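Trainee: I would like a close look at one part of this protein. Please take me through the sheet, and then through what lies around it.

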Amino acid sequence: MANLRKSMLVVSLLMMALCGVSMAAVYQVGDFAGWTSMGQVDYRDWAATKNFHVGDTLVLNYNNQFHNVKQVAHPGFESCNATSPIATYTNGSDTVALEKPGHFYFICGYPGHCQAGQKIDILVAPATSKPNHAASPTTSSASSLYSSNLSWTWGVLGFFLLGFA
C-alpha cells in the first residue's frame, strides 16, 4: 500500500512538472523601442525572430497622442488601409491575446505611419507543450519566469522524492 501511495505521488508530481512546461510567452512588440514610427524598429525583422503560439500575448507600448494600433485583414495590411479595422487599440499600453493560429496583422492608423514601417504581421502557430520561443530581451521576463517556475517544480519534486526514498 505504501508503494502504491509513493508511486501515485511521484506520478502526480511529474504531471505538475509537465504542466509548468507549457507556459505562454509575453512579447513586447518592438522590445524597448515599443510601437513607434521613428524608424528604430524593423517590425518584419522583429517578428521573424519570434515563434508565436496560441496562448501567447503581445504587449504594445506607445504614446497614444501620436499612435494607435489597428488590427486589420491582410489587404488592409498590404495597402496600409485602416478604415475597416477588426479591432482598434488606443490605450498606449495594450495587450492582445493570441487565441488562435494564423496571421494577425497590425498597423498604426495615423497617416503615414504604416507607410513608414509601423506595421507588423504576427504568424501564430498552434499551442505546444514545449517552449519554442527565441531568446530575446522581449521574452527575458517570460523566460526567467518559466525557468524559475520549472526550477521550483523540480525542486519540490526532488524534495518529495528524497523524503520518500
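**The sheet and its surroundings**

Mentor: Start in the middle of a strand pairing. H103 has L123 in strand 8 as its bridge partner. That bridge belongs to a longer ladder: strand 7 and strand 8 pair in the antiparallel sense over six bridges. Bear in mind that this is a predicted model.

Now move across strand 7, residues 102-107. Strand 4, residues 69-72, is joined to strand 7 by three bridges, and the two run antiparallel. Two positions let you find this pairing on screen. Q71 has F106 in strand 7 as its bridge partner. V72 stands opposite Y105 in strand 7. As a rule, side chains in a regular strand alternate between the two faces of the sheet.

Next, step back to the whole sheet. Five strands make it up, in the order 2-8-7-4-5. The sheet is open, and its pairing is mixed. Strand 2 and strand 5 (87-89) stand at the edges. Each has a single partner strand, so one side of each has no neighbour in the sheet.

Strand 8 also leads to the largest pocket. With five residues, strand 8 gives the most to the lining of that pocket. Strand 8 spans 119-125, and other elements that supply at least two lining residues each are helix 2 (43-48), strand 2 (52-53) and helix 3 (74-79). The edge strand 2 is thus part of the lining as well.

The pocket itself holds about 350 Å³ of space. Its lining counts 17 residues. Nearest the centre lie Y43, R44, A47, F77 and D121. By class, the lining has seven nonpolar, four polar and six charged residues.

Helix 2 deserves a second look, for its aromatic contact. The structure holds five aromatic pairs. In one of them, the ring centres of Y27 and W46 are 6.5 Å apart and the planes are at 90°, so the pair is edge-to-face. This pair links distant parts of the chain: Y27 is in strand 1 (residues 26-28), W46 is in helix 2, and they are 19 residues apart.

Last, confidence. The protein chain averages a pLDDT of 77, and 64% of the residues score at least 70. Two stretches fall low. Over residues 4-21, pLDDT stays under 50, and the model has 20 contacts beyond four places in sequence for them. Over residues 132-162, pLDDT also stays under 50, with 42 such contacts in the model.

Notes
Residues numbered from 1 in each chain as written. Predicted model: local features only at pLDDT ≥ 70, side-chain atom pairs only at ≥ 80, totals over all residues. Heavy atoms only, no water. pLDDT = per-residue confidence, 0-100. Contact = heavy atoms within 4.5 Å. 1 Å grid on protein atoms, 1.4 Å probe; cavity = no way out; pocket = protein on both sides within 12 Å on 5 of 7 lines; lining within 4 Å. Points joined across faces, edges and corners; volume = space filled by probe spheres on them. Helix = DSSP H or I, 4+ residues; strand = E, 2+ residues; numbered from the N terminus. Nonpolar A, V, L, I, M, F, W, Y, C, P; charged D, E, K, R; others polar. Pairing = 2+ DSSP bridges. Phe/Tyr/Trp six-rings, centres within 6.5 Å; stacked < 30°, edge-to-face > 60°.
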